[in-house]
Amino acid sequence: MSSILFEIKDSIGFITLNRPDKYNAFNREMALLFQDKLDECKSKEIRCVYLTGAGKAFSAGQDLAEVADPNGPKITHILSEHYNPIVRKIRKLSKPVVAAVNGVAAGAGANIAICCDVVVATESATFIQAFSKIGLIPDSGGTFFLPRLIGLQKALALTMLGDKVTATEAEQMGMLYKVFADDVFKEQSFKIAETLSQMPTKALHYTKQALNQAFISGFEEQLHDEELLQERASRTQDYKEGVLAFLEKRKPNFKGE
Ligand code: T3D
């Protein structure tokens, strides 16, 4: 069985981390395969990506048996070849990536989840910045995203203490968008992906670009980028369709063009 499951259905690319007996911990094979699948999601037929984990966990981060193996990959390679490319690919993908956190998300697993565009979790899921417990610092973009999402104080405390936080606490802190009760989580998280897959994909891409940029640029630069990206969005077919549908009082039929 492959460590990553991939399926395209109704314009959605479904990626499932699939090492359930290891709580979907990342080994090299899984990290590289995940990158391949993110590349496949560049295809025009995919308008939204839905990322989740198989079994009980979302992901327990790095496979610690692999790093303990003297023949396993070196830590510098693990970051430069596994996690950093994954996080870059998610942030640069020209369509929304929904992280559907179905269970515990620890270490790199937690930080890959929170770098996604729309992060939702099932009520029983938990988030752990597990790094300090094994003598590491947060990676996979965690030192960038976490303080921006939840503020410096909470980010420092969570990463230093390595405390487990519940999905509801994570939502209250701003680490994620919404928590759904366990019995409706699948259905509700699919619904979000379905909605996104029918929206004006190019406008969502430019929105993602503008918000990515907002993290690093100043006010004047941001206004400039908004002008540029809005002009691009206004040249799409979906923009024309959106305005026309509004004027004709009907539901728009967006095609991602
Ligand atoms: O050098 C580097 O490491 C560089 C890379 C850094 C990136 C990182 O992600 S560092 C952080 C690595 N992750 C962790 O430290 C988390 C380790 N796991 C845990 O703390 C716990 O397993 C959890 C809190 C995630 C879940 O706890 P619990 O009690 O619900 O489950 P469990 O019994 O601990 O785990 C279930 C199974 O998954 C178990 O297998 P077994 O004994 O039933 O055969 C366990 O060994 C396996 N598992 C869980 N996490 C990992 C793992 N196997 C390998 N690597 C793991 N990270």
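**View 1. The shell around the ligand holds 14 nonpolar, three polar and four charged residues.** The model shown is predicted. Of the 21 residues around the ligand, those that come nearest are A60, Q62, L64, A108 and D139. Helix α3 (75–92) and helix α2 (64–68) are the elements that give two or more residues to this shell. The most comes from α3, with three residues.

**View 2. Backbone atoms of A60, Q62 and L64 face nitrogen atoms of the ligand.** A polar backbone atom of A60 lies 2.9 Å from a ligand nitrogen. For Q62, the distance from a polar backbone atom to a nitrogen of the ligand is 2.8 Å. For L64, the corresponding distance is 3.0 Å. On its own the ligand has 1,000 Å² of accessible area, and the protein covers 63% of this.

**View 3. Five residues make a nonpolar patch on the surface.** The patch consists of L64, V67, I75, I134 and L136, and its area is about 430 Å². One of these residues, I134, sits in the loop that runs between β7 (126–128) and α5 (142–150). Is I134 buried, exposed or partly exposed? I134 counts as partly exposed because its relative accessibility is 48%.

**View 4. Salt bridges join helix α1 to helix α3.** The predicted model has eleven salt bridges. In one of them, E81 pairs with R28, and the closest N and O atoms are 2.8 Å apart. E81 belongs to helix α3 and R28 to helix α1, and the two are 53 residues apart in the chain. Both ends are partly exposed, with relative accessibility of 29% for E81 and 30% for R28. Another salt bridge brings together the side chains of D39 and K89, at 3.0 Å from N to O. This pair also links distant parts of the chain, as D39 is in helix α1 and K89 is in helix α3, 50 residues apart. D39 is partly exposed at 28%, and K89 is partly exposed at 25%.

**View 5. E231 and R235 form a salt bridge.** The closest N and O atoms of this pair are 3.0 Å apart. E231 is partly exposed, with 40% relative accessibility. R235 has a relative accessible area of 52%, so R235 counts as exposed. Elsewhere, salt bridges that share partners join D39, K42 and K89 into one network.

**View 6. Two buried threonines make polar contacts.** T122 is part of strand β6 (residues 118–122). With a relative accessible area of 4%, T122 is buried. The side chain of T122 is joined to the side chain of D182 by a polar contact of 2.7 Å. T236 is found in the loop between α10 (219–234) and α11 (237–247). T236 is buried too, at 7% relative accessibility. What does the side chain of T236 reach? The side chain of T236 comes to 2.8 Å from the backbone oxygen of A233.

**View 7. N24 and K249 have positive phi values.** Most residues other than glycine have a negative phi. N24 is not a glycine, yet its phi is near 55 degrees. The position of N24 is in the loop between β2 (12–17) and α1 (28–40), and N24 is buried because its relative accessibility is 0%. K249, also not a glycine, has a phi of about 50 degrees. K249 lies in the segment after α11. At 77% relative accessibility, K249 is exposed.

Methods
Residues numbered from 1 in each chain as written. Predicted model: local features only at pLDDT ≥ 70, side-chain atom pairs only at ≥ 80, totals over all residues. Heavy atoms only, no water. Patch = residues over 30% accessible without salt bridge, like charges linked within 9 Å, V, L, I, M, F, W, Y side chains within 5 Å. Areas by Shrake-Rupley, 256 points an atom, 1.4 Å probe, with all protein chains shown as cover. Salt bridge = Lys/Arg side-chain N within 4 Å of Asp/Glu carboxyl O. Helix = DSSP H or I, 4+ residues; strand = E, 2+ residues; numbered from the N terminus. Buried < 20%, exposed > 50% of the residue type's maximum accessible area, 1.4 Å probe, protein only. Near = heavy atom within 4 Å. Polar contact = N/O pair within 3.5 Å; in protein donor to acceptor, adjacent residues only side chain to side chain. Nonpolar A, V, L, I, M, F, W, Y, C, P; charged D, E, K, R; others polar.
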